[in-house]
Amino acid sequence: MKIITVSYRLPVSIKRQKDNVKITQSAGGLATAVLSYSEKSQKNLTWVGVADFDQQLWEENKNNYDSNFDIEPVYLERRLNRNFYNVFSNSVLWSLFHYFPSFIEYTHDGFEAYKAANEIVADKVNSIYEPGDIVWIHDYHFMGLAKIIREKHPQAKIGFFLHIPFPNFEIFRVLPNKVRRYLMEGVMGSNLIGFHTWENAIHFTECIEKMLGFPHKNFLFSQDTHRTKVGSFPISIDFDKFHNAYDNPNVVKLRNEIKDLYKDKKIIFSVDRLDYTKGITNRLNAYETFLNTYPEWREKVVFLLVIVPSREEITKYGERKKMIELTIARINGKLGNYKWTPVVYQYQSVDFDRLIALYTSADAALISPVRDGMNLVAKEYVASRKDLRGALVLSVMAGAAKELQESLTINPHDFEQIALKLNYGLTMSEEEQARRLEHMQRYLKKHDVFRWASDFLNETEEIHNKDTKAVAL
Ligand code: ADQ
């Protein structure tokens, strides 16, 4: 018996270096958590995903891949992958599900490519599936998959987890009817469907009732072939990894460097992928309002803004990058001087040690998405503050705000409120910082990513097992 995890990206990268080929396994939270579950439950783990490397490179080197889980790469033809990933997944589903209907670029080819890619990936899963396996499908790229797998393997245990918000019916019905039906019927092939919050689960349930007319009892749908449960499973982080990194000698060295560089200033920090949902321009405008409302902070504060390059080939992302960079230039030009740069900007990825050094140097983390499924950065900032210092200023539009109740919550459009909360956070007493962080850390320690994965997989198993008994009766 094994766990088959399906996600668009494989948690493995393969790169040709000068005279050898390097295969690296990702240390991301999802991979670590599923692996830990597979070890504890003594089930093997196979990961299916779309290859971002050359097939020949993998075939020639796969014998050197020595790991605790198997990978099954799926190779998609370039044009198909572009239409599937950039066009339909990221320029239709991502935009709509984050409540940006005007950003949708729907095309017939995009939808056809989405269906074709789901068929190809389902073929791969079906070819390795054995009775007793659990299939765990991740995210909006694969909403058609569960139904295709169930048609071939009616007894399969299938879980689907959506990492982004699920919108209400008024937004969802912007999609053509055939598209909506495909997505909903597809996902309903699962035994368990998980969301970050109950709001998302309720939106989904309402869409199912309205579109497919299925009644449910306590979020449990009885279908002809199987039962489907809908629930809330807020994702989390590897708490200990972030918490204990505080004392790592390299982190200490990097933190000292940062603190030394800005020794006469308070530090505001943020890190995100480039994305219009993350509210980065709002954040910058709010910072400007803060500097205008509280001019005493000028030259006494610096905003370290890190953005990791993402989806740059999509027009809306390229436009957003320009908008962000113009805003930074405007603020620095207008308010800065030869001694002080108000926003220090980096458009590059940062490695783990530097990320922790930045988190643990920051007097405030300013996280302002206009819509976000969860937002792990907020949880990482809290977990990494072993010193119990710092303030978290967090948008109520992030799923994380529901759990991180001692954060200073903001509306991402209300710049005056953000300015006020920033000022409050930067002047908060050490006792209050510690009290708030302690409260949130206690919660995160208990609700970490390992618990999230095991809760989800155990429940998938349970719903399925109860169902089989019912069928046998
Ligand atoms: P994302 O939109 O990618 O994920 P988020 O959860 O905030 O958003 O962050 C993902 C990870 O990327 C974090 O672990 C963070 O440390 C890392 N990261 C961000 N910027 C980085 C940088 N410059 N350098 C290095 N690492 C960086 C989607 C949804 C979220 C949901 C997650 C998980 O949009 O709402 O929380 O999936 O379900």
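**Exercise 1.** In which sense do strands E12 and E15 pair, and over how many bridges?

*Solution.* Begin with the residue ranges in this predicted model: strand E12 covers residues 266-273, and strand E15 covers residues 364-367. The next step is the pairing itself, and here E12 and E15 pair in the parallel sense over two bridges. To place this pairing on individual residues, look at Phe269, which stands opposite Ala365 in E15.

**Exercise 2.** Work out the strand order of the sheet that contains E12 and E15, and find its edge strands.

*Solution.* Six strands form this open sheet, in the order E14-E13-E12-E15-E16-E17, and the pairing is parallel. The edge strands are E14 and strand E17 (408-410), each of which pairs on one side only. Neighbouring strands of this sheet are turned by 20° against each other on average, with direction ignored. As a general reminder, strands of a sheet pair through backbone hydrogen bonds, either parallel or antiparallel.

**Exercise 3.** Follow the chain from strand E13 to strand E14 and determine the handedness of the crossover.

*Solution.* First establish that the two strands are joined: five bridges link E13 to strand E14 (residues 343-347), and these strands run parallel. One residue pair shows where they meet, since the bridge partner of Ile307 in E14 is Tyr347. Then trace the connection, in which the chain leaves E13, passes through helix H12 (residues 315-335) and arrives at E14, and this β-α-β crossover is right-handed.

**Exercise 4.** Describe the nine-stranded sheet, starting with the order of its strands and ending with a helix that packs on it.

*Solution.* The nine strands form an open sheet in the order E5-E4-E1-E6-E7-E8-E11-E10-E9, with mixed pairing. Strand E5 (70-74) and strand E9 (216-217) stand at the edges with a single partner strand each, so one side of each is left without a neighbour in the sheet. Helix H4 (residues 108-128) packs on the sheet and touches strand E1 (2-9), strand E4 (44-50), E5 and strand E6 (134-138), while its direction makes about 145° with that of E5.

Now take the pairings one at a time. E1 is joined to E4 by six bridges, and the two run parallel; within this pairing, the bridge partner of Ile4 is Thr46 in E4. E1 also pairs with E6 in the parallel sense, over four bridges, and here the bridge partner of Thr5 is Trp136 in E6. Further along, four bridges join strand E8 (residues 192-195) to strand E11 (residues 227-232), which run parallel, and Gly194 has Gly231 in E11 as its bridge partner.

**Exercise 5.** Which residues are closest to the ligand, and how does the shell around the ligand divide by residue character?

*Solution.* The ligand is surrounded by 18 residues, of which the closest are His163, Val308, Gly373, Met374 and Leu376. Sorting the residues of the shell by character gives 10 nonpolar, four polar and four charged. Finally, ask where the shell comes from: strand E12 (266-273), strand E13 (301-308) and helix H14 (376-384) each supply at least two of its residues.

**Exercise 6.** Why can the protein chain be called as compact as a globular protein of its length?

*Solution.* The secondary structure of the protein chain comes to 18 helices and 17 strands. Its radius of gyration is 23 Å, close to the 23 Å that the globule rule gives for 473 residues, so the chain is as compact as a globular protein of that length. Along the principal axes, the C-alpha atoms fill a box of roughly 70 × 55 × 45 Å.

Technical notes: Residues are numbered from 1 along each chain as its sequence is written. This is a predicted model: local features need pLDDT of at least 70, side-chain atom pairs count only at pLDDT 80 or more; totals for chains, interfaces and linings use all residues. Two strands pair if DSSP finds at least two bridges between them. Two residues are in contact if their C-beta atoms, placed from the backbone, lie within 7 Å. Axes are lines fitted to C-alpha atoms, for helices over the stretch in contact, and angles run from 0 to 180 degrees between N-to-C directions. A residue is near a molecule or strand if its C-beta atom, placed from the backbone, lies within 6 Å of it. Ala, Val, Leu, Ile, Met, Phe, Trp, Tyr, Cys and Pro count as nonpolar, Asp, Glu, Lys and Arg as charged, and the others, Gly among them, as polar. A crossover is right-handed if, with the strands pointing away from the viewer, the path from the first strand over the helix to the second runs clockwise. The radius of gyration is taken over C-alpha atoms; the globule rule is 2.2 Å times the number of residues to the power 0.38.
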